Amino acid sequence: MTDAPTNIKARQADQTLELTWQDGSVHEITYHKLRAECPCAACRNEWTGERILDPMTIRPDLKLEGMEPVGAYAVRLAWNDGHSSGLFTWDTLLLLGQNSTKIDAESTQSEA
Ligand SMILES: [Zn+2]
């Protein structure tokens, strides 16, 4: 179980969510990636994990309209495309952040 980040900052201008973790590491995840990786049942098959949402349909002017804490383990993100059913656990955010950072650092990394 991942501890909650100490800080979450929504940078609307560059469409990036900035997360600061308890060990001091900082991750940046683009809105587009978060929206594409939305774990809700409408965007992802609950059983197979297969993505239902086509990332090509995500609007380029994507904005975060709200962040609502869910218990002590997750945050619900609301987008300006009207979608707000995605619950992102700290585990999910940590994983996405690590992947984003890795892809930036190693441009040869292919999506597994
Ligand atoms: Zn969703």
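These are my notebook entries on a predicted model, with the chain as a whole taken up before one sheet and one residue near the start of the sequence.

**Entry 1, the chain.** I began with the secondary structure, which comes to two helices and six strands. Reading along the sequence, I wrote down the pattern β-β-β-α-β-β-β-α. I then looked up burial, and of the 112 residues of the chain 15% count as buried. For contacts between residues at least 6 apart in sequence, I noted that 37% join residues at least 24 apart.

**Entry 2, the sheet.** Next I turned to the open sheet formed by three strands, whose order is S4-S5-S6 and whose pairing is antiparallel. Strand S4 (64-70) and strand S6 (86-89) each have a single partner strand and stand at the edges, so one side of each is left without a neighbour in the sheet. Direction ignored, neighbouring strands of this sheet are turned by 30° against each other on average. As a reminder to myself, strands of a sheet pair through backbone hydrogen bonds, in either the parallel or the antiparallel sense.

**Entry 3, S5 and S6.** I followed the pairing of S5, residues 74-79, with S6 and found four bridges in the antiparallel sense. Ala-74 stands opposite Thr-89 in S6, while the bridge partner of Leu-77 in that strand is Gly-86. The two strands S5 and S6 form a hairpin with six residues between them, and in the turn I noted Gly-82, which has a positive phi of about 90°.

Which residues of S6 point to one face and are buried? I found Gly-86 and Phe-88 there, whereas Leu-87 and Thr-89 point to the other face and are not buried, so that I recorded the side chains as alternating along the strand. For Thr-89, then, I have both its place opposite Ala-74 and its position on the face where the S6 residues are not buried.

**Entry 4, Thr-2.** I went back to the segment before strand S1 (7-11), where Thr-2 lies. How does Thr-2 count, with 14 C-beta neighbours inside 10 Å? It counts as partly exposed, because a residue would need 20 or more such neighbours to be buried and Thr-2 has 14. Leaving out residues up to four places away in sequence, I listed Trp-90, Asp-91 and Leu-94 as the residues that Thr-2 touches. I also looked up the separation of Thr-2 from Thr-92, and the two are 90 residues apart in sequence but 9.2 Å apart in space, C-alpha to C-alpha.

Key
Residues are numbered from 1 along each chain as its sequence is written. This is a predicted model: local features need pLDDT of at least 70, side-chain atom pairs count only at pLDDT 80 or more; totals for chains, interfaces and linings use all residues. Two strands pair if DSSP finds at least two bridges between them. Axes are lines fitted to C-alpha atoms, for helices over the stretch in contact, and angles run from 0 to 180 degrees between N-to-C directions. A residue is buried if 20 or more other C-beta atoms lie within 10 Å of its own, exposed if 12 or fewer, and partly exposed in between; C-beta atoms are placed from the backbone. Two residues are in contact if their C-beta atoms, placed from the backbone, lie within 7 Å.
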